[in-house]
Amino acid sequence: MAGKSGLDGIVAADTILSDVDGEAGRLVIRGLPVEVLASREGFEGATARLWDGFVADGLDRARVVAMLGAARIAAFARVGRATSAGAGLEPVPGLRAALATLPEVEGLHPAFVLAGAAPVFLAALLRQNEGQAATAPDPSLATAADLLRMLRGTPASPAEVAALDAYITTVSDHGLNASIFTARVVASTQVGVGPSVVAALAALQGPLHGGAPGPVLDMLDEIGDRANIGPWLEARLVAGERLMGFGHRVYKVRDPRADVLKGVVRTLSRDAGRLAFAEEVEREAIAILARVKPGRRLDTNVEFYTALLLEALGIPRSAFTAIFAVGRVVGWVAHALEQARDGRLIRPLSRYVGPEPAEAA
Ligand code: ACO
C-alpha cells in the first residue's frame, strides 16, 4: 500500500549534490566522501562545494567565509525582530519563526542571507531564553567558531571549534531525507529559497528525523550504569519502543557519519568515561536489535554520536536539533536551488480508497 511505503526505494530526484550508498555505508557530498570533507574542507568548504554553480560560479572556501561573515552582520541588524518572533518557543520553532522574518537583502544572495542568519538567530534565541543579550557576530571567523562565540559570549578553544566545524560539515547534506525532500517540494513551486528552508526546518524536528539526539542522552542517563544496559534496552524494545540513534531508512550498515563524529568526540575527551559507557550501550543495542528485530539490519545512525559531541560542547539538549539545522541549511538551500532550476513541479498522485459517493436518490 503506497501510504505505508514511505516512498521506500523510490527515486524522486536526480541530484549532483550528494549520494547515500546504504549498502556500502558511504556518503559522498558533491564528489568527496564525508570523512574527507569533514577533515579537509570544513563547513565553508562544503558550502562552496554544494553551492557552486547554484549560488555563484567559482565559489571557494575563502569567499564563502567572507560572504557568510557579511551575512551574519546583516542578520544581527535584524536580531531584535527575529528574537521577538521566536520568543517563548523551543529552539527549532523559534529558529523557524526567526528565519521567516528575513527580507530580501540587496546585493546578497538569499542563500547567504539564510545560512548567515541561522547561527546568529539561534545563538540570540538561546541567550534570550537565559535572559542574556545577543552577542554580535565576528565576520572574520568561520561559522563554527562564531556560533560558539555568540552562544557563550567568549571565544571557544581550537579543539571545540574544530569539533563543531566537523559536525556541521558532516550533516550539511544527505540525499533525499524528509527535510531535504520537503525543501525540494516547496522549491518546486518556484516560491524561492526562504520558504523552502523554513518548511524544511519544520520537517527536521520529529524523533524519526532530526529530533533524536536529545533523547539519546536521556536514554544514556536513564540507563545509568553498566549493569542496567541490557535490561533497560530489552524492556524498551519489549514495550514496542524504538532505540534512539539506531536504524536508518537507507543505511543497512553503520551510518558513516557516526564514525566521523565518534572520532571528533574523542578529540574533546572531556569525559572519557561517558564515551566508553556510550560505546558499551551502542554495542549492546546493536546486538539486542539484531536478536529482537531479525533481518532488519539496524545499526548506529548519525544521531548517537551527535548527542555525545554536542553534549561535550556544552550545548543544551533542547538545542541539539537546531544546531543540526545550522549545518543542514546549506544542503536545503542547494537542493532548493537545484530543484527550482532543473526540476519540475513535484505533484504525485494519491490512490482514493475512501467511500464511493452514494447513488443519487
Ligand atoms: N529501535 C527499534 N526498532 C526499530 C528501530 C529502532 N531504532 N528502527 C527501526 N526499527 C524497527 C521498527 O520497529 C520496525 O519493526 P517492525 O517491522 O517489527 O515493526 C522495523 O524496524 C522497520 O521500521 P521502519 O519504521 O519501517 O523503518 P524506517 O526505515 O522507516 O525507519 C528510522 C528509519 C525512522 C530512522 C528508524 O530506524 C527509527 O525510528 N530510529 C530511531 C529514531 C532515530 O534514531 N532517528 C534519527 C534518524 S537519523 C536522522 O534523523 C538524521
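Here are four short exercises on this predicted model, each with a worked solution.

Some ground rules come before we start. Residues are numbered from 1 along each chain as its sequence is written, and side-chain values use heavy atoms, with hydrogens and water left out. Since the model is predicted, local features need pLDDT of at least 70 and side-chain atom pairs count only at pLDDT 80 or more, while totals for chains, interfaces and linings use all residues.

**Exercise 1: the sheet**

Task: work out the order of the strands in the open sheet, and find which strands stand at the edges.

Solution:
- Step 1. Start with the terms: helices (H or I, at least four residues) and strands (E, at least two) are DSSP runs, numbered from the N terminus. Two strands pair if DSSP finds at least two bridges between them.
- Step 2. Go through the pairs. Strand 1 and strand 2 are antiparallel and share four bridges; one of the links puts serine 18 opposite isoleucine 29 in strand 2. Strand 2 and strand 3 are antiparallel too, with two bridges, and valine 28 has proline 33 as its bridge partner in strand 3.
- Step 3. Put it together: the order is 1-2-3. Strand 1 (18-21) and strand 3 each have a single partner strand, so one side of each has no neighbour in the sheet.
- Step 4. Look at the turn. Strand 1 and strand 2 make a hairpin with four residues between them, and glycine 25 in the turn has a positive phi of about 65 degrees.
- Step 5. Check the faces. In a regular strand, side chains alternate between the two faces of the sheet. In strand 1, Ser18 and Val20 make up the covered face, and Asp19 and Asp21 the uncovered one.

**Exercise 2: two positive phi angles**

Task: find where arginine 30 sits and where glutamine 190 sits, then look at their phi angles.

Solution:
- Step 1. Recall the usual case: most residues other than glycine have a negative phi.
- Step 2. Arginine 30 isn't a glycine, yet its phi is positive, about 40 degrees. You'll find arginine 30 in the loop between strand 2 (26-29) and strand 3 (32-33).
- Step 3. Glutamine 190 isn't a glycine either, and its phi is positive at about 70 degrees. Its loop runs between helix 9 (178-187) and helix 10 (193-203).
- Step 4. Now the accessibility classes: buried means under 20% relative accessible area, exposed over 50%, and partly exposed in between (1.4 Å probe, protein chains only). Arginine 30 has 22%, so it is partly exposed. Glutamine 190 has 54%, so it is exposed.

**Exercise 3: threonine 170**

Task: is threonine 170 buried or exposed?

Solution:
- Step 1. Place the residue: threonine 170 is in helix 8 (residues 158-170).
- Step 2. Its relative accessible area is 0%, so threonine 170 is buried.
- Step 3. List what it touches, where contact means heavy atoms within 4.5 Å. Beyond its neighbours within four places in sequence, threonine 170 is in contact with Leu27, Val34, Ala38, Arg257, Val260 and Leu261.

**Exercise 4: the ligand's surroundings**

Task: how many residues surround the ligand, and which are the closest?

Solution:
- Step 1. Use the cut-off: a residue is near a molecule if one of its heavy atoms lies within 4 Å of it.
- Step 2. That gives 22 residues around the ligand, with Gly210, Arg242, Leu243, Phe246 and Arg296 the closest.
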